[in-house]
Amino acid sequence: MFVKKKVSLILIISMIIILLFGCAEAGKSPIAKEEEVSPKVVDGEESVGLKVHFIDVGQGSSAFIVGADGKTMLYDAGGDDENSGRIIVDYIKEIGYEHIDVAVFTHPHADHINGAPTVFKELKVGSVYYPKATHTTRTFENFVEAVSKAGLKFKTAKAGVEIPFGETNAVLVAPISEQYENLNDYSATVKLTWEDTSVLLTGDIEKTSENEMIGSKQDLDIDLLFVPHHGSNSSTTDGFLDKTTPDYAVISSGKDNSYGHPHREVVNRLNKKNIKIYNTAEVGTVIATLDGEKIEIDTVGKKHVNDQGSNKNGSSNKVANDKIEMLDVAASISDPKPKQNSSVVLTAKVTSDGKPVEGAKVKILNHYKSKTTPYEGVTDKNGVAEISYEIGRASIDFEVKVDVTVVKDNLETKTQVSFTPQ
Ligand SMILES: [Zn+2]
């Protein structure tokens, strides 16, 4: 309590100084930004402890951590699309940092790494931890390339490895096995401890990795859980919650995401155990301060969604600045009569008044005989999004309808295509 008051006092005093002497010295960050800037206090005595910023990246995951001694860690850098790198770097710079001492990437899925190239291009990174999991996507290749361009080599992320992170204790508690069937279970899981307070960062681990951790002898008693896999029902079992006993849970998910994250079952399990939930889709960026005795949570509010007026999105996306009043979409399937288990590519071209629309979200929903499968993409500067997927063992001669929904700002439009497996 005392520490917190002292920090607020420092903030107020510095605001008064800025008001008295003008903003010239404060650089490009005028007072208007004050509310979203956290005090950077690195001096031992004035330290507020460990701060974890769960950045609002939409449907993805990225946490920026500042230790009591000012050391910094980035845990994942992914979101709705490549623009997540912009959101993450802007946020880190806004709160006064240019350097990442340690970066941890959990697994190769795009929603955890698609912002990495921008991070490595714009911020100095000291070391990178990553598990032994590879993928064949372009996004993964770009990630690996960005790391090597930065002159870095991966350090293997696996259970038992201690990450040098200044005065903060940082230890990897998963993955425990060498191999998993599911890429999510490779997720590098980190426990951070500052005095008597701790947080567990879990990536997209599922039941398999959770069960291994439950069965291990590791101390997994924590105060705050970064909820696995965006709150998917694949994870956060009762057994895992019993082992970790968190008081707080942070979920990183996108508003109205097509996966239905967080799943109701998970929210129910957390509620039943009286664990307080913060979901970035609802409250925006979540900042947890672990002062060594207790945890305080602040939320920044939604900033990145539908804020047309802000230059945050506008500066990197010219089309977004032109006020769009209508959306059109034309969609086609690469092969209307695909073989079972083959891949198809759905191409959507999004226009407004005949001009291509960049950055529109394209969601598709395949209506198979017994289930529906969602996929997503984002249009490029030509207004085109290509979404490729495997049709699996779809029933032969059963026409699969594909709903295509396009969303940009507050506009939405739909169309439908179909294919018939042979
Ligand atoms: Zn994910």
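Leucine 225 stands opposite alanine 249 of strand S11, and this pair belongs to a parallel pairing in which three bridges join strand S10, residues 224-226, to strand S11, residues 248-251. The model described here is predicted, and every value below is computed from its coordinates or its confidence scores.

The two strands are part of an open sheet of six strands with mixed pairing, ordered S7-S8-S9-S10-S11-S12. At the edges stand strand S7 (169-174) and strand S12 (276-279), and because each has a single partner strand, one side of each is left without a neighbour in the sheet. Averaged over this sheet and with direction ignored, neighbouring strands are turned by 20° against each other.

**Overall composition and confidence**

The protein chain contains 11 helices and 22 strands, and 43% of its 422 residues count as buried. Among contacts between residues at least 6 apart in sequence, 65% join residues at least 24 apart. The mean pLDDT of the chain is 85, with 84% of the residues reaching 70 or more. Over residues 1-45, however, the pLDDT is below 50, and this stretch has 30 contacts in the model beyond near neighbours in sequence. Residues 304-321 likewise have a pLDDT that stays under 50, and for them the model has 22 contacts beyond four places in sequence. Where pLDDT is low, the predicted coordinates should not be read in detail.

**Nonpolar cores and a buried aspartate**

The largest nonpolar core has 72 residues, and those with the most contacts inside it are Ala63, Ile65, Val104, Val199, Phe226, Val250 and Ala288. Apart from this core lies another, of 18 residues, which includes Val329, Val344, Val402 and Phe419. For alanine 63, when neighbours within four places in sequence are left aside, the contacts are Val52, His53, Phe54, Ile55, Tyr75, Asp76, Leu201 and Phe226.

Aspartate 111, placed in helix H3 (residues 110-113), counts as buried because 27 other C-beta atoms lie within 10 Å. Beyond four places in sequence, aspartate 111 is in contact with Gln59, Gly60, Ser61, Gly78 and Gly79. Its C-alpha atom is 7.7 Å from that of alanine 77, although the two residues are 34 apart in sequence.

**Antiparallel strands around S16**

Strand S16, residues 343-352, has a covered face made of Val344, Leu346, Ala348, Val350 and Ser352, whereas Ser343, Val345, Thr347, Lys349 and Thr351 form the uncovered one. In a regular strand the side chains alternate between the two faces of the sheet. The antiparallel pairings of S16, together with that of S18 and S19, are set out below.

| Strands paired | Bridges | One bridge pair |
|---|---|---|
| S15 (residues 328-333) and S16 | six | serine 332 and threonine 347 |
| S16 and S20 (residues 384-390) | seven | serine 343 and glutamate 390 |
| S16 and S17 (residues 355-356) | two | threonine 351 and proline 356 |
| S18 (residues 361-367) and S19 (residues 372-378) | seven | lysine 363 and glutamate 376 |

The hairpin of S16 and S17 has two residues between the strands, and within this hairpin aspartate 353 takes a positive phi near 55°. S18 and S19 also form a hairpin, with four residues between them.

**Backbone features in the loops**

A cis peptide bond, with omega about 5°, joins alanine 174 and proline 175, and proline 175 is placed in the loop between S7 and strand S8 (189-194). Another cis peptide bond joins histidine 261 and proline 262, with omega about -5°, and proline 262 lies in the loop between S11 and helix H8 (264-272).

Aspartate 256 also lies in the loop between S11 and H8, and has a positive phi of about 50° although it is not a glycine. Aspartate 256 counts as exposed, because 10 other C-beta atoms lie within 10 Å and the cut-off for exposed is 12 or fewer. Asparagine 341, in the loop between S15 and S16, has a positive phi of about 65° although it is not a glycine. With 11 other C-beta atoms within 10 Å, asparagine 341 is exposed as well.

Definitions and conventions
Residues numbered from 1 in each chain as written. Predicted model: local features only at pLDDT ≥ 70, side-chain atom pairs only at ≥ 80, totals over all residues. Pairing = 2+ DSSP bridges. Axes fitted to C-alpha atoms, helices over the stretch in contact; angles between N-to-C directions. pLDDT = per-residue confidence, 0-100. Contact = placed C-beta atoms within 7 Å. Buried ≥ 20, exposed ≤ 12 C-beta atoms within 10 Å, placed from the backbone. Core = buried A, V, L, I, M, F, W, Y, C linked by C-beta atoms within 7 Å.
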